[in-house]
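Please open the model in your viewer and keep the sequence alongside. The tour below proceeds from selection to selection.

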Amino acid sequence: MSGETVSQWYNDHVELEDKRLILGRLEYEVTLHYIREAIDCIQRQEGHTNPLKIADIGCGTGVYAIPLVRAGHHLSISDISPSSVHLAHQKARAAGLRFTTTFSLDARCLRYHAEIYKPAHYDIVLLLGPVYHILSGPDRSDVLLAGLETVKPGGFMLAAFVTKNAHLRDVATRDPERLHTEWGFYEGYLRDGRYARGGKAPMWHGTIGEIRGLIEGLQRAGGEKGVESEVLKLVSCEGFLGFGHASHLASLGEEAFERWLGVVLESAADDTTLGAADHVLAVIRRTK
Ligand SMILES: C[S@@+](CC[C@H](N)C(=O)[O-])C[C@H]1O[C@@H](n2cnc3c(N)ncnc32)[C@H](O)[C@@H]1O
């Protein structure tokens, strides 16, 4: 993958991406729930309600960063797509909010950017996008490790992944012949999870086992550098519904939506629910 391809795609589709989580409302609210849970946990641990330092790497158009900065936290935002960072900055400014640092960067070069890469500095690091756009396995592992290095002991990293099931469900829904007519492509895809075809930003999709393997590798590599961590949860951001069913909830009124959210959250972190995930969120705590 070339970083330019991903960056170009998000630069060209910045408005579309800004609206993605309207239909993905459940993914958004579930993710925000676990971010807030991490914030509460840190504040409880430390016995205060002071603002936290949060790095949102792959911030997109600021869909998570803006509510977090509005809640009073200090946000350092960055993304490979300059147009996305720019829109996030503009939206914040229009709402009278300010980010601590706003930066365009490729997460694969995180360690070269002292403005963002600050070892053991942040209470929370969000990697909600970069990892599933990185086709090289070693690069994925290294981005996760670089992110974890910037988390304070006791702090959290939340990283998002996309599953192969998500793509296969989408093909079955929209173009079921394709699995057979393009079997040559799909044989390779099922093996390595690389979805790199013209017109789309390249992606890596994993099985739950592959995602777990990647995180176990992170823990081993971190351990060798004295960066210890524990995985608190793997969560299905669409609960047991998957994106297709979850999208029907998007236009519900607040109270009706909250009912669904409550029911989905009951089992979102159950192993048996993960097979229905389109997006998987790993909640990782740095312990040392
Ligand atoms: C699907 S969007 C997610 C945006 C937002 N974090 C969210 O969860 O809605 C993926 C984001 O990751 C960014 N991204 C992809 N590869 C990246 C990389 N190597 N370094 C930094 N950002 C990257 C993209 O530009 C895009 O903004």
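How many bridges join strand 1 to strand 2, and do they run parallel or antiparallel? Five bridges join strand 1 to strand 2 (residues 74–79), and the two run parallel. Two strands are taken to pair if DSSP finds at least two bridges between them. Helices (H or I, at least four residues) and strands (E, at least two) are DSSP runs, numbered from the N terminus.

This is a predicted model, in which local features need pLDDT of at least 70 and side-chain atom pairs count only at pLDDT 80 or more, while totals for chains, interfaces and linings use all residues. Residues are numbered from 1 along each chain as its sequence is written.

Select strand 1, residues 53–57. Four of its five residues are buried, that is, the strand is mostly covered; a residue is buried if 20 or more other C-beta atoms, placed from the backbone, lie within 10 Å of its own. Next, display Ala55, whose bridge partner in strand 2 is Ser76.

Turn then to strand 4 (residues 122–127), which pairs with strand 1 in the parallel sense over three bridges. Here Ile54 has Ile124 of strand 4 as its bridge partner.

Finally, select the ligand. It is surrounded by 21 residues, counted where the C-beta atom, placed from the backbone, lies within 6 Å of the molecule. The closest are Gly58, Gly60, Ile80, Ala107 and Gly129. Helix 1 (3–12) and helix 2 (14–23) are the elements that give two or more residues to this shell. The largest share, three residues, comes from helix 1.

Conventions:
Buried ≥ 20, exposed ≤ 12 C-beta atoms within 10 Å, placed from the backbone.
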